[in-house]
Amino acid sequence: MKAVVALVLATLMWAGNYVVGGIAVRSMTPVELTWFRWLLAAAPLVVLAHLIERPRWRAVLAEWPSLLVLALLGVAGYTLLLYSALQFTTPLSASLINAANPAVMAVLAAILLRERIGWRGAAGLLLGLVGVILVITDGALATAFSTGLNPGDLLMVGAILVWSLYTILGRALTAPPIAATAVQAVLTVVLLAPVALATGARWPESGDSVAALLFIAVFPSIGAYALWNLALTRMPPGRAGLFLNLITVFTVIISVAMGSLLTGTDVVGGLLVFAGVGLSSLRRRPAARVHRDQASPEPAAGSRAPR
């Protein structure tokens, strides 16, 4: 029960990143928001990793080439693309597109790792693709390409491609997840520092912007990671990964409560995405029962802490 509560709270905090991030980009650039977010979160994440996981830091740092690539992809790249997308599209649309992430991961895993998709996976991918296209084109596929697609939705598609690649490459890491995230956060701060300074990044002046930035740094960046990884000590990653769909659910609820309009196309597209993910997640029962001592649960794609 404690693991379930922790996972629900973690996904609620990540949903808050979409909604509050959409507010923050009105007064901050994506570079400013990304850099200050991880600048504030990096040191607390290091402390949190040391207290919870007690890692061998020398062994963690020995993986620095992989951590550097992952920092560029998942911490800097994904966050920059997400906040850039939120300048042009709504948190609601962004979260509906993001719900297709598990399907995209399955495709990349099939291409890069030669993992079998199977007919359920293929059908699920097709359903999810139709759902995403509906959301992106607002149901007007025939006229979408003549009138132009929303650049924010296209940036969000790029974001989930980057995150999927990040997740697949991250499977090879042996470092504990919070420690790995902490190191990636530090690397992101260092890598983005020249860009932030060159573009004149400044601490936000308005109280609302400061509050939004602090919320993003404390809850989605620190609290959610801690809760997620604590839950994984009590629940298999594959089962925990199912809770990631709550990010979209919570984002929709919060957005609608704040006055956003949920169209029929959004509903249909979102349902198709969820149906596709559900179908892709189905697995055939093994013919023979495996002895409990021989069973070794494998983390599902997307079970690494996101967002």
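A nonpolar core is a set of buried Ala, Val, Leu, Ile, Met, Phe, Trp, Tyr and Cys residues joined through side-chain atoms within 4.5 Å. The legends below refer to a predicted model.

**Figure 1. The whole chain is built from helices and has no strands.**
The protein chain has 14 helices and zero strands. Read from the N terminus, its elements run α-α-α-α-α-α-α-α-α-α-α-α-α-α. The chain has 307 residues, and 47% of them are buried. Among contacts between residues at least 6 apart in sequence, 89% join residues at least 24 apart.

**Figure 2. The largest nonpolar core has 78 residues.**
Leu-33, Trp-38, Leu-45 and Met-156 touch the most other members of this core. The view shows the surroundings of Leu-45. When neighbours within four places in sequence are left aside, Leu-45 is in contact with Trp-38, Ile-178, Thr-181, Ala-182, Ala-185, Ser-221, Ile-222 and Tyr-225. Leu-45 and Trp-38 also appear among the helix 2 residues that meet helix 11, a pair shown in Figure 3.

**Figure 3. Helix 2 packs against helix 11 at an angle of about 35°.**
The axes of the two helices are 9 Å apart. Helix 2 passes helix 11 in a right-handed crossing. On the side of helix 2, the contact is made by Leu-33, Phe-36, Arg-37, Trp-38, Leu-40, Ala-41, Pro-44, Leu-45, Leu-48 and Ile-52. On the side of helix 11, the residues are Leu-213, Leu-214, Ile-216, Ala-217, Pro-220, Ser-221, Ile-222, Tyr-225, Ala-226 and Leu-230.

**Figure 4. Helix 4 and helix 9 cross at roughly 160°.**
Helix 4 covers residues 64-85 and helix 9 covers residues 151-170. Their axes come within 8 Å. Angles over 145 degrees count as roughly antiparallel, so helix 4 and helix 9 are roughly antiparallel to each other. The crossing of the two helices is left-handed. Helix 4 contributes Val-69, Leu-70, Leu-73, Gly-74, Gly-77, Tyr-78, Leu-81, Leu-82, Ser-84 and Ala-85 to the meeting. Among the residues they meet in helix 9 are Gly-152, Leu-155, Met-156, Gly-158 and Ala-159. Met-156 was named in Figure 2 as one of the core residues that touch the most other members.

**Figure 5. Helix 1 packs against helix 13 at an angle of about 55°.**
Helix 1 (residues 2-24) and helix 13 (residues 245-257) have their axes 8 Å apart. The angle makes helix 1 oblique to helix 13. Their crossing is right-handed. From helix 1, the contact uses Val-8, Thr-11, Leu-12, Trp-14, Ala-15, Tyr-18 and Val-19. From helix 13, the contact uses Leu-246, Ile-247, Phe-250, Thr-251, Ile-254 and Ser-255.

**Figure 6. Phe-36 is a buried residue of helix 2.**
Helix 2 spans residues 30-52. Phe-36 has a relative accessible area of 8%, and buried means under 20%, so Phe-36 counts as buried. Apart from neighbours within four places in sequence, Phe-36 is in contact with Met-28, Arg-202, Trp-203 and Leu-213. The C-alpha atoms of Phe-36 and Ala-196 are separated by 9.3 Å, although the two residues are 160 apart along the chain.

**Figure 7. Arg-202 forms a salt bridge with Glu-205.**
Side chains of opposite charge can pair when their charged atoms come close. In this pair, the closest N and O atoms are 4.0 Å apart. The count for the model comes to one salt bridge. Arg-202 lies in the loop between helix 10 (177-198) and helix 11 (207-231). Both partners are exposed: Arg-202 has a relative accessibility of 57%, and Glu-205 has a relative accessible area of 71%. With neighbours within four places in sequence left aside, Arg-202 is in contact with Glu-32 and Phe-36. Arg-202 and Met-28 are 174 residues apart in sequence, and their C-alpha atoms are 8.6 Å apart in space.

**Figure 8. Arg-54 has a positive phi although it is not a glycine.**
The phi angle of Arg-54 is about 45°. Arg-54 is placed in the loop between helix 2 and helix 3 (57-61). Its relative accessibility is 60%. Exposed means over 50%, so Arg-54 counts as exposed.

Conventions
Residues are numbered from 1 along each chain as its sequence is written. This is a predicted model: local features need pLDDT of at least 70, side-chain atom pairs count only at pLDDT 80 or more; totals for chains, interfaces and linings use all residues. Side-chain values use heavy atoms; hydrogens and water are left out. A salt bridge is a side-chain nitrogen of Lys or Arg within 4 Å of a carboxyl oxygen of Asp or Glu. Buried means under 20% relative accessible area, exposed over 50%, partly exposed in between (1.4 Å probe, protein chains only). Contact means heavy atoms within 4.5 Å. Axes are lines fitted to C-alpha atoms, for helices over the stretch in contact, and angles run from 0 to 180 degrees between N-to-C directions. Helices (H or I, at least four residues) and strands (E, at least two) are DSSP runs, numbered from the N terminus. Angles under 35 degrees count as roughly parallel, over 145 as roughly antiparallel, 65 to 115 as roughly perpendicular and the rest as oblique. A crossing is left-handed if the near helix is turned anticlockwise from the far one by less than a right angle, and right-handed if clockwise.
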